[in-house]
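Biologist: I'm new to this one and would love a short tour. Could you show me the structure before I start asking?

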Amino acid sequence: MNVWTRRVVIGTAAVSMALSVAACGKAGGGKAAGGGENKTIGLLLPENKTTRYETFDRPLMEAKIKQLCSDCTVRYNNAAQDTETQKKQFDALITQGVKVIILDAVDFKATKSWVNQAAKKGVKVVAYDRLAEGKLSAYVSYDNEKIGRLQGQALVKALGDKAKDSNVVMINGSPTDPNMPFFKKGAHSVLDKQVKKIAYEQDIPDWSSDEANKKMSAALDSLGKDGIQGVYSGNDGMAGGIITALKQKGVKVPVGGQDAELAGLQRVLKGDQAFTIYKQIKPQADSTAEIAVKLLKGEKIGSLTDRTVDSLSGEVKGIPAKLYDAQIVTKDNIESTIIKDKVYKAGQICTGDVKKACAAAGIK
């Protein structure tokens, strides 16, 4: 739709603001509105519908920044999937004199003018998870096309010997998420060659589980109960809505997602979902925090990036980047990945009707 990962519904948009004028070093610090050095790092995340951002990304980055710079403070806001809200949050950070902003964009195309204006004022912007447009100082994410290939490969494996005769439905993520075209491209590169055909395909605004549910119902109405042999879902949240639609029609086919959400992992164990994709969030969050602190101190970040990327528009070339890998997770390796890495404890996963499935999978 890009690891400690995603996603639980977090309720309504809770906006938290942390203010401070404590400091990390004079170089690149800038002046706060009230005078003195501004030693605050801005952190803007895109939405709170899913577990990842509030449960993992935010606390991990805040903790790492505090570890690297004990008197630095993070000024945080969540846009609740609203582009205009995020623009106001971004502009407010600029007005307040913040000199480094970590930005996970709601709509990557909309950020171009914001980021460019920030650059003119000497503000460093680090694109997190999603590659924003504009003159960025760095970008930290995953090899998102590879993730799409992993999703495609896992679905083909789940289909088994029937893959070449299978009609597959593709429910992709949000068009405003710059990672989604890469997920889709990677998945198509596998599925187009190894299944009969992509019989139905839709992009889902805001990665909405409800919309994914509706589109899956529409696909069933169009193709018939016997006309679908597998479903590619852009992420675990949408997979939940898709599986509900399939169950309502009495259809049982492999469905795969992404993010290793708690609910997704539980569905994998129960056999409702074939797989998910595990992306370690901690390394990504830690790298981003390290880059932000170095930029605040006016230090070079070359040791933290291993490649360069160009913006999707092609207007900005050579953005320093760090991209992480991911892996397929099924019920056979949840213990050796998710539980081993302490993303979730066995006790968090193996609750209620999942206990029996955990026992069958050897998870204690």
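Biologist: Thanks! Which residue in strand 12 does Ser-141 stand opposite?

Modeller: Happy to help, and please keep in mind that this is a predicted model. Strand 5 covers residues 138-142, and four bridges join strand 5 to strand 12, residues 319-324, with the two running parallel. In that pairing, the residue of strand 12 opposite Ser-141 is Leu-323.

Biologist: And which residue of strand 5 stands opposite Val-126?

Modeller: Let's turn to strand 4, which spans residues 124-128 and pairs with strand 5 in the parallel sense over three bridges. Opposite Val-126, strand 5 places Ala-138.

Biologist: How many of the residues in strand 5 are buried?

Modeller: Take the two faces in turn, counting a residue as buried when its relative accessible area is under 20%. On one side, Ala-138, Val-140 and Tyr-142 are buried, and on the other side Tyr-139 and Ser-141 are buried too. The number of buried residues in strand 5 is therefore five of five.

Biologist: Now the helices: at what angle do helix 4 and helix 5 pack?

Modeller: Helix 4 takes in residues 144-159 and helix 5 residues 180-194, and their axes lie 6 Å apart. Helix 4 passes helix 5 in a right-handed crossing. The packing angle is about 35°.

Biologist: How many charged residues does the contact of helix 4 with helix 5 have?

Modeller: The residues that meet include Glu-145 and Arg-149 in helix 4 and Lys-185 in helix 5. By class, the contact has eight nonpolar and eight polar residues, and the number of charged ones is three.

Key: Residues numbered from 1 in each chain as written. Predicted model: local features only at pLDDT ≥ 70, side-chain atom pairs only at ≥ 80, totals over all residues. Heavy atoms only, no water. Axes fitted to C-alpha atoms, helices over the stretch in contact; angles between N-to-C directions. Left-handed = near helix turned anticlockwise from the far one by under 90°. Contact = heavy atoms within 4.5 Å. Nonpolar A, V, L, I, M, F, W, Y, C, P; charged D, E, K, R; others polar. Buried < 20%, exposed > 50% of the residue type's maximum accessible area, 1.4 Å probe, protein only. Pairing = 2+ DSSP bridges.
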